[in-house]
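Please look over the model shown below; the report that follows takes up an annotated region, a contact between two chains and one helix pair.

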Amino acid sequence: MLKSLTLSAALLIGTAAATWAQDPQSGGTLNFVAPYGSSFGTLDIHSTPATQDEFPAKAIHRSLYDWNSAEGKPELELATNVEVSDDGKVFTYTLRDAKFHDGKELTAGDIIYSYQRIAHPDNAFPGARYVSGVVGIDEFVDGSADSISGLKAIDDKTLEISYKEPVAEPGYELMRVNAAIYPEGAAEAADFQTSPVGLGPFKFVENIPGSRITVEKFEDFYEDGKPYLDKINIVLLDDASARDVAFRNQEIDVSVLGPSQYVAYQADDALKDNILEVAEVYTRHVGFNPDYEPFQKKEVRQAINHAINTDLIIERLVKNKAYRATGWLPISSPAYNKDAVPYAYDVEKAKQLLADAGYEDGIEFEITATQNESWGLTIVEAIIPMLADAGIRVTAKPVEASVLAEVVPAGDHQAFMWSNVSGPDPYATMKCFYSETTRAACNYWAFDNAEFDAVFDEATAEADPAKKTALLSQANDIVQEEAPSWFFNYNKAVMAYQPWLHGLQQNATELAIQNYEDLWIDDTAPDSRK
Amino acid sequence: MLRFTIRRLLQMIPTIFAVALLIFVIFSVIPGSFASSLMSDGRTNADPETLARINAEFGLDKPVHVRFGEYIVGLVQFDLGTSFRFREPVTEVIGDRVWASLKLSVAAMVFAIVVGVPLGFIAALRPGSILDTATMVGAVSGLSMPQFWLGLLLMYFFALQLGWLPSFGYGGGDPLYLILPAITLGVTPLALLARTTRAGVLEIMNEDFIRTAHSKGMSNARVVRWHLMRNVMVLVVTTIGLQFGSMMGQAVVIEKLFAWPGIGLLLVDSVAIRDIPVVQGTILVIVVWFLVINTFVDIIYAAIDPRIKQT
């Protein structure tokens, strides 16, 4: 009896302890890593599209919408409610009670100020396209209007945004970190770039250029009880080897892993249980330029897809840190076709398709690519012998990343290898294949297909989100069939984290960018974090 | 001495101008731009209108000769332009980083001098001894081992295994953070200084004036202090000057490995994203640093050996 009671008590205590261990704890310091470069750029997040600059901005700022990683869709962040007009063009937001770090209350005026600043032609900010669909934007940009007429403050807490066309989900654009809301007029202050003010869960404290940015808890953050952490040091560490040593030495709390480290961490008993993975919204591929005559034939493009043993490359070179691509839209896209089957590795079929296209003797072309280990020359070198088996002779042309981004939109290549954003918004993604989208915008394949255009037009006019998604899925199937690219893989982002860190989110838009207010550390953290 | 110093300083001006021209021309003709670099990771699809506006905002739509004219006019007023990425004056961007680079370079050089020169002396005074052999083996290893690899080894032992030192970062100026990068950067000049000092001492010890000094009954200590040291120092100062001058350039790899916020790291990042004003400014600072150090070395030569002033 006593034994039974003791056992029950122990189980109860154990259960209680387990429950307690899962309850978020407040306090502590997090050493978070920004791995995409050796410096942060400007702290004026409106002016930069760099992922690296989002690390501090995500702590300091907030946008009208935010990405819900668990549900895989945008959700309201600075508003408690939105009403949409029947035609899907007018969105009326009821703003939440929120304070900026300087104590000012959030109003509709702040949002209008921020969007007009982003769109102002003198500023040349990359986020201008987020509001390019708003009524009155053209007049604002050409200088004939002082403000964007489609942005209206009904009162301090009610904002109305009117679009030129029906919009299924404005959140895809307005959730961007570089569409953050600033206090009205604040960005004109001389010290704003060096001491930014926002609505985020953490206040800016210190920037040691080239080393780290430190932020501390904002006590008046609008979510009760959050953030949990007292302080975050966002440290710069882009060298993978150094990051590995620092992570194992417990100097940093997270580390983004490349293919080699992914294998090593999976094989290490001390590390393998603390690895976070997600299918990110990036598609790696080799795009074909239809200006090069052989690529005008669908059979040729399909032949290349059949001639490459994609699974083997993903296994041997990418170390399974990727998901095999079927078409363009990635696994995490709401319009991804789960029943789609990738092109099978079939050399004989590839040869037959080439013969059908009139290229019995094969073809030859050049792939422009960078040194990137996951979607660059390493992969190109691997596919060269595979394509040779089907009679396709390929040479590699190495270029720098910024050069690739110049030659591809200009069409100055025969084929290119790149990793391109393919989500989370399936509409914006598929619009890149629309014939009216220019190559310079994002139609890098100069894709021009009447069937696709018809389906896309239908999706554009469709106000019902579910029907729109189904049409976009259908459009993606057409792209897969037309094979404007060799569909290689969708990125599997992998991040290792220390066992005392909790609350990480599987963010498919960019795993390394986290909502810091949800993160917390437990009692097992080293003293330096307490 | 003053005239000599002024003459050397004036000689720097055409060199700086030539370097400025060279950097400008190179970065005007190579492909890739700041606007294209914004979408180089494929995470952003920037619309052409925005890219055009970015180019216009930074004056990249102007002809090359106009941009060069503006650059030179700015340069003579110590205005290096505005960083495309940071959107701050380049002088401020570099100013934020230059002290970290100076600190690292000075610490590495002090380490190299304090260890390398005495080692070279001791090895030369006992040629063929175990110490001499060990010093030279160490020197050859130091010269041949890639700095990147050495840095990783030091990180592994002193940070990961022993836990004595942090493996990366600046630590807000905490000297502990300086130790590993300074040692890594200092090993190559240390090895070079040890070998140079040893070779110089051995050569001078066989000179007639040393034998004469000994035959006059002068003690070993006095011979070393009055005759040997003075002559060897010309050689050692030359090596120190060349190494110290080029150290900011060499530090690029070390700064990247240890996430040390110096101008080397800034340069690498800025080249990748084509932040041309920062690239131009950073290279100019590295070149000016090299010229200043070498001018300073020339002045020290003149102090050590007055005959040099005449040449």
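Over residues 74-438 of chain A, the chain is 26% helix and 23% strand, and the end C-alpha atoms are 27 Å apart; helices (H or I, at least four residues) and strands (E, at least two) are DSSP runs numbered from the N terminus. UniProt lists this stretch of chain A, in an unreviewed entry, as "domain: Solute-binding protein family", and such annotations may be inferred rather than shown by experiment.

This is a predicted model, in which local features need pLDDT of at least 70 and side-chain atom pairs count only at pLDDT 80 or more, while totals for chains, interfaces and linings use all residues. Residues are numbered from 1 along each chain as its sequence is written, and chains are lettered from A and ligands numbered from 1 in the order in which they are written.

The contact between the chains takes 49 residues from chain B and 47 residues from chain A, where two residues are in contact if their C-beta atoms, placed from the backbone, lie within 7 Å. Among the elements of chain B that give two or more residues to the side touching chain A are the following.

| Element of chain B | Residues |
|---|---|
| α3 | 48-57 |
| α5 | 90-125 |
| α10 | 220-257 |

Within chain B, the axes of α5(B) and α12(B) (residues 276-304), lines fitted to C-alpha atoms over the stretch in contact, come within 10 Å and cross at roughly 50°. α5(B) is therefore oblique to α12(B), since angles under 35 degrees count as roughly parallel, over 145 as roughly antiparallel, 65 to 115 as roughly perpendicular and the rest as oblique. Val90(B), Val93(B), Ile94(B) and Val98(B) in α5(B) meet residues of α12(B) including Pro277(B) and Val285(B).

Terms used
Axes fitted to C-alpha atoms, helices over the stretch in contact; angles between N-to-C directions.
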